Structure formats: C-alpha cells, structure tokens
Amino acid sequence: MSPIRCEIVTQERVVYDQEVDMVIAPGSEGELGILPHHVPLLTALAAGELRLRLGDDESSFAIGGGFMEVQPDHVMILATAAEQADEIDIERAEAARERAERLLKEGLPSDPGRFKRIEAALRRSRVRLRVARRRRRRPGPGPMMEATE
Ligand code: ATP
C-alpha cells in the first residue's frame with residue numbers, strides 16, 4: 001500500500017514529517033487507526049500515545065492533546081505538546097507527576113479550573129512516563145528500529 005504523509009507540529013516546532021504506513025492516534029473518543037486513503041476527518045486528540053508504523057518499525061510519541069486533520073494522502077497533527085519517545089526527560093516527567101499528585105492530595109482546590117489543570121498535568125506526565133518506559137523496554141538502536149508489539 002502507498003504510504004501516507006504524517007506531520008506532527010506544535011507551536012514551537014515541526015516534531016515529525018515523513019511518510020508512514022499507519023497512524024494510530026489518541027482520539028478524544030478513543031484510539032484511531034489511520035491508513036492511506038482514509039476518508040477526510042477532523043478530530044480532537046486527547047493526551048495520549050501516538051504511534052507511527054513504517055514497515056515492521058514503530059515510533060512512539062507522547063501527545064499533550066490537540067487536533068488531527070486527515071486527508072487521503074496526508075495526516076496533519078497540531079499538538080499542544082509532542083515528544084518522540086527518546087526525547088522525553090523521564091526525571092522531568094516524574095517531577096511533574098509527583099507535583100500534580102501532591103497538589104491533588106493536599107485537597108481539592110476550590111477553583112475548578114485549577115483542579116482541571118492539575119489533572120491535565122498529571123495525565124500528561126503519566127503519558128510521558130508510559131511512552132518513555134515502553135520504548136526503553138524494547139530492543140533496537142533507535143526509535144525507527146523498534147519491533148512492533
Ligand atoms: P512541566 O511541568 O515539566 O513543564 P508540562 O506537562 O507542564 O510539564 P507542557 O506544557 O505539556 O509541559 O509542555 C511544555 C514544553 O515542554 C513542550 O515543548 C513539551 O514538549 C516540553 N516537555 C514537557 N515535559 C517534558 C518532558 N518530560 N520531556 C521532554 N519535554 C517535555
């Protein structure tokens with residue numbers, strides 16, 4: 001099958017721009033698998049893991065949330081934050097998780113907006129830790145050399 005171009009962009013940088021065989025994205029309603037020739041689609045993304053398949057290789061990214069626009073030959077992901085698995089600073093993500101857990105343990109903030117922000121930070125940190133640790137359990141010299149599950 002012909003590949004599909006996948007771009008992952010944040011406000012800060014182009015995180016990824018290559019042709020892949022399949023995009024597996026954390027849609028706000030659940031995981032979405034996108035193959036070439038998919039029907040056009042615009043959807044919100046949740047904080048979660050984004051996986052790209054190319055042959056037998058798979059690359060994994062932590063996504064903070066955002067939007068995904070699908071065209072038959074092109075997937076555009078606009079993410080609030082995105083890091084490829086080997087870019088994730090585990091200590092930073094652990095510190096973020098501990099900070100959010102401590103704030104939630106100290107009691108529910110009376111401001112519901114603040115509560116949501118802490119919860120969202122906790123979710124982002126957990127996604128980063130999961131993506132980073134999953135990659136480190138796999139063999140292979142680089143992110144594009146990993147075995148699929
Ligand atoms: P922190 O509290 O550690 O800043 P955060 O969840 O508030 O974490 P974001 O607002 O999601 O951070 O992201 C801000 C920027 O920092 C983005 O460019 C994101 O890619 C980067 N970033 C955040 N955490 C990490 C991490 N653990 N490793 C690598 N980059 C990170």
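Helices are DSSP runs of H or I with at least four residues, numbered from the N terminus. In this predicted model, α1 (90-105) and α2 (112-136) each contribute at least two residues to the shell around the ligand. The ligand itself occupies the largest pocket.

**Composition of the shell**
- The residues surrounding the ligand are Glu12, Ala81, Glu83, Glu87, Ile88, Asp89, Arg92, Ala93, Arg99, Arg124 and Arg128.
- Sorted by class, eight residues of this shell are charged and three are nonpolar, while no polar residues are present.

**Origin of the shell residues**
- With three residues, α1 gives the most to the shell around the ligand.
- Domain 1 (4-86) and domain 2 (88-132) each provide at least three residues of the shell.

**Polar contacts with the ligand**
- Arginine 99 places a polar side-chain atom 2.6 Å from an oxygen atom of the ligand.
- For arginine 124, a polar side-chain atom lies 2.7 Å from an oxygen atom of the ligand.
- Aspartate 89 contributes through its backbone, with an N or O atom 2.8 Å from a nitrogen atom of the ligand.

**Burial of the ligand**
- The ligand taken alone exposes 590 Å², and the protein buries 71% of that area.

Technical notes
Residues numbered from 1 in each chain as written. Predicted model: local features only at pLDDT ≥ 70, side-chain atom pairs only at ≥ 80, totals over all residues. Heavy atoms only, no water. Near = heavy atom within 4 Å. Polar contact = N/O pair within 3.5 Å; in protein donor to acceptor, adjacent residues only side chain to side chain. Areas by Shrake-Rupley, 256 points an atom, 1.4 Å probe, with all protein chains shown as cover. 1 Å grid on protein atoms, 1.4 Å probe; cavity = no way out; pocket = protein on both sides within 12 Å on 5 of 7 lines; lining within 4 Å. Sits in = over half its atoms within 2 Å of the grid points. Nonpolar A, V, L, I, M, F, W, Y, C, P; charged D, E, K, R; others polar. Domains from an automatic or database assignment.
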